[in-house]
Amino acid sequence: MKLIKDPLNDSNPISIQVLGICSALAITIMLENAFVMSLSVMFVLIAANVIVSLIRNLIPDKIRIIVQLVIVATLVITVDQVLKAYVYEVSKQLSVFVGLIITNCIIMGRLEAFALANKPMPSFWDAVGNGLGYAWILIVVGFVREVFGSGSIWGFNIIPEGMLIEEGGWYEHNGLMLLSPIALFLVATVIWVQRTKNRKLIEAN
Amino acid sequence: MAINKNSTGYTMTFAVILVIICGAGLALLATSLKKLQQANVANEKRQFILAAAGYASIDSLKKMEMTDVEKIFDDSFTEDVYDKDGNVIEGDIAFSIDIVKEYKATKRSIDLRRYPVFHYSNAGVERHIIPMAGNGLWGPIWGFIALGKDMNTIEGVVFDHKSETPGLGSKIADDAFTRMFTESPKTIMDGSKYVSVNVVKGGVKNPEHEVDAIAGATITSNGVGAMLRGGFTPYMKAFGLLKK
């Protein structure tokens with residue numbers, strides 16, 4: 001249980017370990033994109049963790065990083081091809097970031113730190129935990145950016161048209177929310193909230 | 001028998017087997033999904049052409065079933081392929097020409113370039129949709145421009161791009177940009193002179209042949225301008241508005 005709970009909060013891959021930030025910035029404009037990206041990363045992470053764990057006693061030490069990379073790359077291309085076939089629109093928006101899952105530090109980090117030294121079941125749960133830890137941050141950031149940036153949730157408008165400035169109202173979407181830097185602020189806010197609530201995370205210096 | 005995991009032989013064998021398994025798996029996957037992926041790409045192209053022709057907005061077309069889009073497309077379009085002098089090339093299927101690849105492949109030998117066109121006629125509306133391709137800042141850009149019955153006035157445009165900056169260059173695909181091409185009439189020919197439509201900075205002076213560039217996306221805007229400047233010539237020759 002600790003394997004799942006820890007990465008959600010105390011050792012969250014994004015907000016505590018600060019890994020995999022680039023994708024969190026780039027594809028969180030819309031909730032749907034953030035969700036598909038999270039699913040993709042979770043799939044790759046879980047499958048890679050289990051596979052590496054299964055063959056951990058066979059992998060020659062000398063080439064273990066390359067072996068991990070080959071496995072991750074294979075899985076990522078699988079995801080990419082499946083997205084292109086079934087959710088073409090989303091795959092166009094995620095564009096290169098699906099391919100860049102290969103370089104997502106969370107995945108290599110978990111493979112090296114956990115899967116290589118543990119049995120498949122714990123590795124599976126470790127991947128689920130870290131995947132969810134990654135996912136919830138993405139979804140929170142995606143939600144905030146979509147609501148304030150485009151006034152919609154999952155593509156459905158929630159701001160009445162009459163309120164918009166173009167239609168003679170007073171409300172205008174916040175364009176800053178659509179640009180990447182805002183995601184940094186939002187992630188930082190999450191980190192801030194988390195550390196305020198959980199004092200032991202604050203490094204002494 | 002104990003295997004020495006650190007021997008070179010073991011390492012090599014392991015690597016070879018792993019690569020064969022991964023490679024075979026991916027090849028299988030790619031071939032089995034290819035049909036679906038190609039259908040998606042073809043569907044998107046039909047949506048773009050229908051949207052340029054003014055049949056419906058791109059958003060409402062995206063909500064339609066793929067088979068419906070294909071049926072409407074097949075019912076309302078006839079196609080032609082021209083060479084650079086505007087002569088019809090027999091036996092070529094316009095829809096199968098990927099305009100970006102065609103422009104790229106014939107970059108150094110423009111004589112060989114094929115120019116597809118889609119003639120739309122539906123409920124008494126006649127349009128001629130011309131695809132063209134060019135270069136943006138980071139990669140190719142392309143568009144479908146619909147000309148009216150006079151084969152001269154622009155009635156609708158759709159632009160798309162591969163990797164322009166989101167929020168800047170990517171705005172060429174937005175309604176706010178494409179709308180400018182149809183808000184006031186834009187024509188390709190000025191009498192018998194070929195002028196096309198240009199994308200200009202700092203205010204439009206000649207509203208029949210110019211639209212405003214996008215702030216912050218100079219290179220992408222210039223790319224659209226260059227694409228439009230060059231793209232119409234063979235068609236104007238084919239339509240008899242320009243001497244062959």
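How many residues does the hairpin joining β3(B) to β4(B) run through? Four. Keep in mind that this is a predicted model. Here are my notes, starting from that hairpin and working outwards.

1. **The β3-β4 pair.** β4(B) covers residues 140-147 and runs antiparallel to β3(B), with eight bridges joining the two. If you want a spot to start looking, take Gly134(B): its bridge partner in β4(B) is Ile141(B). The four-residue connection mentioned above links these two strands.

2. **The β2-β3 pair.** On the other pairing of β3(B), residues 125-135, you'll find β2(B), residues 115-122, again antiparallel and joined by five bridges. This is also a hairpin, with two residues between the strands. Asn122(B) has Val125(B) as its bridge partner in β3(B). Have a look at the turn too, where Ala123(B) has a positive phi of about 50°.

3. **The β1-β2 pair.** β1(B) spans residues 77-82 and is joined to β2(B) by six bridges, the two strands running antiparallel. Two pairs are handy for checking the register: Asp80(B) has Val117(B) as its bridge partner in β2(B), and Tyr82(B) stands opposite Tyr115(B) of β2(B).

4. **The sheet as a whole.** Put these pairs together and you get an open sheet of five strands in chain B, in the order β1-β2-β3-β4-β5, with antiparallel pairing. β1(B) and β5(B), residues 154-161, are the edge strands, each pairing on one side only. Ignoring direction, neighbouring strands are turned by 20° against each other on average. As a general reminder for anyone reading side chains off the strands, in a regular strand they alternate between the two faces of the sheet.

5. **What packs on it.** Helix α1(B), residues 8-53, packs on this sheet and touches β2, β3, β4 and β5 of chain B. The direction of α1(B) makes about 150° with that of β5(B).

6. **Chain B overall.** Chain B has eight helices and nine strands. What is its radius of gyration, set against that of a compact globule of 244 residues? Chain B has 23 Å, where the globule would be near 18 Å. The C-alpha box, taken along the principal axes, is roughly 90 × 40 × 40 Å. Buried residues make up 31% of the chain's 244 residues. Looking at contacts in chain B with a separation of 6 or more, 53% come from residues 24 or more positions apart.

7. **A helix pair in chain A.** Over in chain A, α3(A), residues 31-54, and α4(A), residues 64-86, have axes that come within 10 Å and cross at roughly 145°. The crossing is right-handed. From α3(A), the contact residues include Phe43(A), Val44(A), Ala47(A) and Ile51(A); from α4(A), they include Ile71(A), Val72(A), Leu75(A) and Val79(A). By class, the residues of this contact are eleven nonpolar, two polar and no charged. Ser40(A) of α3(A) and Gln68(A) of α4(A) also take part.

8. **Where the chains meet.** Which classes of residue does chain B put on the side that touches chain A? The two chains are in contact through 19 residues of chain B and 18 of chain A. On the chain B side, eleven are nonpolar, seven polar and one charged.

Definitions and conventions:
Residues numbered from 1 in each chain as written. Chains lettered and ligands numbered in written order. Predicted model: local features only at pLDDT ≥ 70, side-chain atom pairs only at ≥ 80, totals over all residues. Pairing = 2+ DSSP bridges. Contact = placed C-beta atoms within 7 Å. Nonpolar A, V, L, I, M, F, W, Y, C, P; charged D, E, K, R; others polar. Rg over C-alpha atoms; globule rule 2.2 N^0.38 Å. Buried ≥ 20, exposed ≤ 12 C-beta atoms within 10 Å, placed from the backbone. Axes fitted to C-alpha atoms, helices over the stretch in contact; angles between N-to-C directions. Left-handed = near helix turned anticlockwise from the far one by under 90°.
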